[in-house]
Every structure is written in C-alpha cells, then in structure tokens.
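User: Please take a close look at the salt bridges in this model, with attention to the surroundings of the residues that form them. A connected account would be appreciated, extended afterwards to the cavities and to a few individual loop positions.

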Amino acid sequence: MTSQHNLYFIVTRTPEYHRHVSPGRICYISEAKHRSLTRKSAPAKLPVYLWGSSESWDREIEAGSLEELSAEEAELLQALPDDPERLKWFRGREALQAARGLAVGTAVTVLQGKEWLRGIVRFIGRTPTSPYAAPPPGWFFGIELQGEDRGKGDTDGICQNKTLFPCAKDCGIFAPFTQVRPVVPSSLSPSSPKHSQTGAVAPGDRVTYFFHDKWQHGMVLHVKEEDAEPCVRISTDTNDEVDVPLHTVAPESKGTETPPVEKDTADLSLSSVVEVSLAKGTSYGIIRWIGTLLGCLETMAGLELDEPDGVSDGTFKSERLFHCAPRKALFVKLRSCRPDSRFQSTSAHCSGKMLEADASGGDSEHSTGRLGTVPPISTEQVNHILIGRMKGIQGHYNSCYMDAALFSLFSCSSVLDAMLFKPTEPQDSPIQSTLLNDIVNPLRTKGFVEGRHIMKLRQQLQNHGYSKSFTTEEKDPEEFLTVIMQHILALDPLLKLSLGGKVQESYCYQIFLDQNHSLVLPTVQQLLEHSLHNAGLKLAEVPPCFILQMPRFGKKFKMFDRIIPSLELDVTNLLSEGPQQCMLCGDLAQAECTDCFKDPIFSQTGFKIFCQKCLSQVHAHPQRRSHQPVPLDIPKGYLSHGITHTLIRDKLELFAVLCIETSHYVSFIKHGPNSQDWIFFDSMADRQGEKDGFNIPEVHACPEVGTYLEMSPMELANQVPRDMKGVAKRLFCDAYMYLYQSPNMCLYR
C-alpha cells in the first residue's frame, strides 16, 4: 500500500549495478530519508526498495535511471501485468494523467476483449487478493456497464467474496487504467491543471510525434477521441495528414511551418475571402485576424474556414483572437493565403459577358462612391436580363436564405427601394452601399450578382455584432430582413397592428392559427384573416409591403400540405378604422360580429361585418342571439352618406414567394400582370466542381404556375403534387413566406 510518507519512482533504464532490476519496476524511499540525502546536494544514487519484493533491504540505483511518480501514479501503474507494460504507459503519460482525473460516478468506456463498452465508475482501489500473491496489485477501476452493454461484463462487483460495488450479474468489469477512458477525456480539457503540467498539445502547436518507428514533425489540426482513445490529427511536414495516439505526441520548443506559397498579399486584409493549401487540398475561408504569434516573427492570418477543417474556435494556445464555430479556425502565414479562386473561376468559365460589362464601367458607381438609381427589371426586360444559367444571385455556403430574400425584394419590385437611399449612420453606410452598388444595381443591370458580394454583405453584418455566424450558418429570411431593415437601416416598421386601441409595430407577420380551425386547402387571404381573428388584431393602416410567414412547426413541418396563393390581398375589412361595406348588401357597415366568423353558414373568407339592418336580421336567428357584435370605428361624416357601393377597396398585390424544402430556400417572382408572368430562382441550382468548385444560380420562366392558379379550388384539391408540371408543386406545397406590395407605394411606378 502506498504511503504519504514515501516518494515513488519508476526505473526507466537498466541500472548499472543491479541489472536484474528491469525498466518499469516501481520502487520507493521514505520522504524523510530522501530529504536527508538531498539536503546538501543531489546524490548520484538513491537507496530504494522494490515494490512487491520479498527482500527487505534496499538497493542503490543511479538517480539518472529513476523518474519520480506520485503515489497515485504508482498505484495505477502497479496494476499493470509486467514492468515493460508499466514503462510503456508511463512514457505515454497522457492516458495516465487522464486516469488520475477519473472519479466514482464518471462516465467512461472500458475495453472488454476487443470491444469498448459504456459504463460508470463505481470503485477505484486495490482488489482483494490471496495473502500470498506477489507482487501486490495496484489500483483497479470497477465499472458498472450501462445501456445495451449490460450483461457483457464478467463480475457482479464481488471480488474474493468481498463486495466492492453492487451491480447485476455480468454487468461489472474490473480493469486497469489502460483499459478505461472517460467519455469526455479530462486530459483534453484546457481547464485541467494536470493537462497543463504535462505540456500537452493544443490545436495550432508544432509537435514531434512517433510514427512508423521514427520521430516526425508537423502541426496539430485537431485533438479528439477515436474509439475512446485520445488522438491527435497532425498536418505533417510531408504534405499529408495522420492520426496518432496522444501519448506519442510531444510539443516542439519553437514553432515552424511548412514553407508557404509566395504570394503578393497587398490586396488581402480583414474580411478578405481567401484560399490556402493544406495537406488534404485547398481550403477556403475568411481572414478574421492578422498579427504576430508567439514564436513566429512573420505576419500571420487567422482564418475562419468554410468547412470544419481547422484547429480551434478562434483561440491560439488558449488565447482568444477571434470567434468562430469549433474547428473552423486556422492560423497560417499571411503570405500563404491567396484570393478565393472560385469566384475568379466563375467569371472566367461562365461569365465572359459580365467581365466585358465590368471592363466597360459596370462598377463605376461603386468606385466613385456615388449612389446610383436603377429601376427594377420590367416584364419586358425579364427574358433579356434575368432568364438563364448564371443568372440571379450566386449562392455560396449556406447563403440561400439571403439570396432568395434579396432576389425577391429587389429584382422586379421597388417597394422597399427607399431603404437603399435613406440617410444612415456613418457606421451603417458601408452596408447600404454594398446592398445598392454591389447587389441591387448589378442584379437589375446585368441580371447576375457574384457570390463574393453576398459574402461581403454577410461579413459586414457579422462584424456589426448581430450574429457571430452570419458568414457560416444558415439563417431564416425574417431574421436577415429584420436586421437589415430595423437595426442597420432603421426603416420605419412596415406593419402596424391594432390591438384594443394600441398599435404594435413589426416588419413581418407570422401567421398563427387556432388548433380548432376548419381550413383544409386554404388561401393566403383565409390564413391571414383567421390569424388576425384568433389574435384579436386589425391593421392600423394599409402596409406598403406585407411580409407574411406561413404557419409551420419549425422549418420541416408544414401545417398544410398545400396553400393556394392569393394574387391579391383584400385588406379593406381588416383595417381597424375606415369605411367598410356590409358583407350582405354592400351598404355602409356599422358592426362586426366575431362570433359569426366561424359560422358554417357564411364563407370562410372575410370578416363578418354588417349594416344595422342586416345585423338585426342575421342575429334574429335563435342560434345567433347570444352573439355579441361590436360597433365599427367609422370616420365622422360617413354615417350621413348612406350607401357606399362605390367604396374603393384596399388591395395588395403578390410579387414574390419564398419556398423552403430540405432547408434550401428558393423564390418565385410574379413580374407582370398576366397569369403566366412567373419566374423561378434558385441560387444553387447546379454546381461546377466539388469542394474547389462554385454554385451556378439559375432563373427560368414557370408559366405553369399561372395555369394552376386559374383552376377552381375543387380542381386544385384533385391535383396530385408529384404530378404537377414544372416547379409548380414547390409553390403550392413548400411556401414559407409571401411578399405583397401596395401598388401605390412602388418607387418607380
């Protein structure tokens, strides 16, 4: 049994005078004796006792052949079967340190035969043995197996008739530390003091590692757990990647790097989109940090990669340099970076005409800083400017939500163009300039926006601090639109809702329905009316742009298999004040009955408002006498006018629909007055190349949509979605957001 009054050592090489003592043997000396021997100077030899020896005398072994152990390490190593095994695991000290972090209750995996099983530590200590056993055992771990691995053990927690921990038959295992791994390795935790004492490696470190029977060199890309074994992925100095056990890796004292490609970096700065050559090939990312690192005099760049091929979340040797998702940060010499060639490839291979347009001054507005005005694409121009491959907005790395939203708002509509020209704060003007000069104007003049301009906008939004993942993760269109309209450009709220006389403001409206609704194949008009009715809301005024989110349970679960687009939204009766017509006779309405809204005798469309005469007649029926109509807010002077058959109704026209399927957004645009005037846009319709390639956006006409919209509800109900022509199924079945505009609010009409 170890004692706190002893110091423990392991023999690391064969002693000169006691050659029968093999490397890996555990020995000890009393702390008091060691203190007296080392008081004046370090002795050349130490008189130590061999653990487990039946001999009672000590042996003087050269101090250079010994390395000190803690009592805990000595107990853990003593549990191994022989000295060579102890020495092997002592040299691979990471596993030993990880074992010291285990405690009763820790979730672990344990090796049984050739299979790693899940379990929980229930016991740590020596197991009972025969009194004549030699040498005495060290510490073992008692593991109670869990889940599907129960019954794969070989004990019930009893050893030598002594219960060390209770468990069911064959649900326990006693194992040395070499066969036990924590589910979350404590040796990999930066907060572990034991970790720091061992000088363990971290992503970004230059290391020496033992591989194929020789020492080699490289840079740590990732520290992970593989088959419950701590493992390090290394980018080697021979332009390759290897995975090696953690205990075979040691940090180098000074960092070096694979010779980089010489490149002019004058045009590279923060937020530049770049590529860099790694062992596995070319990786792409954005420069998030530029500076110098400890141990390297050359200028370095911190990249946020498109793919999780990096080494950290923006930290380098525990120092936070920037923020990104785990394994997406990589630190390289700045001169190793090159501008992202995928966008050059886009222009070179698929966009020669656009290069000619650029050469003739297509970007002159941006270079001079002058805000240009380009009207939206008209119905007559759609075929010439927009239709085709490499048209629309080029998608790049989870940008489809932004691509579809921007294309819907600005390609053929000017209803929100005011946000492109309104005065902004100085810190927000670069975003407005990017939106106008790099996205909207090129879209309307050339019919194409390169993905790098969308990435630039995403970078600017992320740098403003609204989200740390605007450049990497998929967002919802409404989140992006709210950030742009409200937080950046401070646009007046598009929507004003009235509830009990109080006005609420918003930019988008999410449709919610009562669980007991009776809608089966609803129109957008019906969905809006039912949602406002359930919430007790009215429109305080006619919105210039009405952005409606369809009812869903998250992105994946639709409330309706199909929704019929309403080409017009009649909002006259949805207003909280103003003259309205009786739904029965057309005279000036004076009251509304919310109880009649779901009465099956009436149509499912429209609020139920009546003149005084019709109100009395409708509620004379015994089933409606309990209803409680409420008076409408009618402007002064209208009551004396009487009949209002010529009342002009307030209607909004549909101009775009965003659809989602398997987390990918596309959009439909209604660009003209005819029923066939529909186009379909997909920013990632095709792709050229694999990881080093680029997305090919496409816009094409979809007149079949108009054909289905001319059908009656009964005919539509009989349509089988998979048999619908072209892309019509996506409009009817996958609608996520409808965009309506007031014809009177478009800037250029």
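Analyst: **Salt bridges and their setting**

In the protein chain, residues 24 or more positions apart account for 62% of the contacts with a separation of 6 or more. The model is predicted, and its protein chain contains 19 helices and 43 strands. Of the 749 residues of this chain, 51% count as buried. The salt bridges are considered against this background.

The count of salt bridges comes to 21. One of them pairs arginine 338 with glutamate 275, with a distance of 3.2 Å between the closest N and O atoms. Arginine 338 belongs to strand β24 (residues 338-339) and glutamate 275 to strand β18 (residues 273-278), so this salt bridge ties together parts that are 63 residues apart in sequence. As for the setting of the two partners, arginine 338 has a relative accessible area of 13%, and glutamate 275 has one of 7%. Buried means under 20% relative accessible area, and therefore arginine 338 counts as buried, as does glutamate 275. In general terms, side chains of opposite charge can pair when their charged atoms come close.

A second salt bridge brings together the side chains of glutamate 568 and lysine 651, at 3.7 Å from N to O. This pair also links distant parts of the chain: glutamate 568 is in strand β35 (residues 568-570) and lysine 651 is in strand β39 (residues 651-661), a separation of 83 residues. Here both partners are partly exposed, glutamate 568 with a relative accessible area of 47% and lysine 651 with 38%.

Strand β35 takes part in a further salt bridge through aspartate 570. The side chain of aspartate 570 meets that of arginine 649 at 2.7 Å, N to O. Arginine 649 is placed in the loop between β38 (630-631) and β39, whereas aspartate 570 lies in strand β35, so the two tie together parts that are 79 residues apart in sequence. The partners fall into separate accessibility classes: arginine 649 is partly exposed, at 29% relative accessible area, while aspartate 570, at 19% relative accessibility, counts as buried. The cut-off for buried is under 20%, so the value of 19% places aspartate 570 in that class.

Elsewhere, salt bridges with shared partners connect Glu72, Glu73 and Arg100 in one network.

Charged residues also appear around internal space. The structure holds five cavities of 30 Å³ or more, and the largest cavity has a volume of about 60 Å³. Its lining comprises eight nonpolar residues, four charged residues and no polar residues. The lining of the largest cavity draws on Met550, Pro551, Arg552, Lys558, Met559, Phe560, Arg562 and Ile563, together with Phe732, Cys733, Asp734 and Ala735.

Two positions share the loop between α16 and β38. One of them is arginine 624; α16 spans residues 612-618. Arginine 624 has a relative accessible area of 8% and is buried. Its side chain reaches the backbone oxygen of valine 618 at 3.3 Å. Apart from neighbours within four places in sequence, arginine 624 is in contact with Cys596, Asp599, Ile601, Phe602, Val618 and His619.

The other position is histidine 627, in the loop between α16 and β38. Histidine 627 is buried too, with a relative accessible area of 14%. With neighbours within four places in sequence left aside, histidine 627 contacts Cys593, Asp595, Cys596, Asp599 and His619. Cys596, Asp599 and His619 are thus among the contacts of arginine 624 and also among those of histidine 627.

Glycine 536 offers a further loop position, in the loop between α15 (524-535) and β31 (538-539). Glycine 536 is partly exposed, with a relative accessible area of 43%. Not counting residues up to four places away in sequence, glycine 536 touches Ser498 and Leu499. Between glycine 536 and serine 498 the C-alpha to C-alpha distance is 8.7 Å, with their positions 38 residues apart in sequence as the separation.

To return to the salt bridges, the pairs described above occur in several settings. Arginine 338 is buried and so is glutamate 275, glutamate 568 is partly exposed along with lysine 651, and partly exposed arginine 649 is paired with buried aspartate 570.

How values were computed: Residues numbered from 1 in each chain as written. Predicted model: local features only at pLDDT ≥ 70, side-chain atom pairs only at ≥ 80, totals over all residues. Heavy atoms only, no water. Salt bridge = Lys/Arg side-chain N within 4 Å of Asp/Glu carboxyl O. Helix = DSSP H or I, 4+ residues; strand = E, 2+ residues; numbered from the N terminus. Buried < 20%, exposed > 50% of the residue type's maximum accessible area, 1.4 Å probe, protein only. 1 Å grid on protein atoms, 1.4 Å probe; cavity = no way out; pocket = protein on both sides within 12 Å on 5 of 7 lines; lining within 4 Å. Points joined across faces, edges and corners; volume = space filled by probe spheres on them. Nonpolar A, V, L, I, M, F, W, Y, C, P; charged D, E, K, R; others polar. Contact = heavy atoms within 4.5 Å. Polar contact = N/O pair within 3.5 Å; in protein donor to acceptor, adjacent residues only side chain to side chain.
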